[in-house]
Amino acid sequence: MTSSPPQRLVCSAKACRARATDAVVWRNPALHAASRRKVWLACQEHREHLRDFVQLRGFLLEVVPVDQLTEADG
Ligand SMILES: [Zn+2]
């Protein structure tokens, strides 16, 4: 894999341009294979909102700091 410039991590919440500090990792078992990991980036303000959104649907896998995300996520 070639090196790429550091990506600016921006919150996934609608219309939010804040820098993401956490990643909400989730999967919809009806749509995604067990190996898939969907990631929503979240700023401090939206972290709990995004986490609750997927948690209410039973999709939440984990919430991790963005610097602990691996290349395989996405
Ligand atoms: Zn945000």
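Okay, let's start with one pair of residues: Val24 stands opposite Trp40, and Trp40 belongs to β2. Before I go on, keep in mind that this is a predicted model.

So where does that pair sit? β1 and β2 run antiparallel, and five bridges join the two strands. Zooming out a bit, the sheet is an open one with three strands, in the order β2-β1-β3, and the pairing is antiparallel. Which strands stand at the edges? Those are β2 and β3, and β3 covers residues 60-65. Each of them has a single partner strand, so one side of each is left without a neighbour in the sheet. As for the twist, from one strand to the next the average is 20°.

Now the whole chain. You can count one helix and three strands. Reading from the N terminus, you meet them as β-β-α-β. There are 74 residues, and 16% of them count as buried.

Here's a fun number about how the chain folds back on itself. Take the contacts with a separation of 6 or more: 63% of them are between residues 24 or more positions apart.

Next, the core. Which residues make up the largest nonpolar core? It has nine: Cys11, Ala20, Ala23, Val24, Trp26, Trp40, Leu41, Ala42 and Leu50. So our opening pair, Val24 and Trp40, is in there. Both β1, residues 22-26, and β2, residues 38-42, supply at least two residues of this core.

Let's pick one core member, Ala20, and ask what it touches. Leaving out residues up to four places away in sequence, the list is Leu9, Val10, Cys11, Leu41, Ala42, Cys43 and Val66. Among those, Cys11, Leu41 and Ala42 are also in the core.

One step along we get to Thr21, in the segment before β1. Is Thr21 buried, exposed or partly exposed? Thr21 counts as partly exposed, because it has 17 C-beta neighbours inside 10 Å, while a buried residue would need 20 or more and an exposed one would have 12 or fewer.

What is Thr21 in contact with, if we set aside its neighbours within four places in sequence? The answer is Cys43, Gln44, Pro65 and Val66. Two of these, Cys43 and Val66, are also touched by Ala20. And one last distance: from Thr21 to His46 is 25 residues in sequence, and 10.0 Å in space from C-alpha to C-alpha.

That's my tour, thanks for listening!

Terms used: Residues are numbered from 1 along each chain as its sequence is written. This is a predicted model: local features need pLDDT of at least 70, side-chain atom pairs count only at pLDDT 80 or more; totals for chains, interfaces and linings use all residues. Helices (H or I, at least four residues) and strands (E, at least two) are DSSP runs, numbered from the N terminus. Two residues are in contact if their C-beta atoms, placed from the backbone, lie within 7 Å. A nonpolar core is a set of buried Ala, Val, Leu, Ile, Met, Phe, Trp, Tyr and Cys residues joined through C-beta atoms within 7 Å. Two strands pair if DSSP finds at least two bridges between them. Axes are lines fitted to C-alpha atoms, for helices over the stretch in contact, and angles run from 0 to 180 degrees between N-to-C directions.
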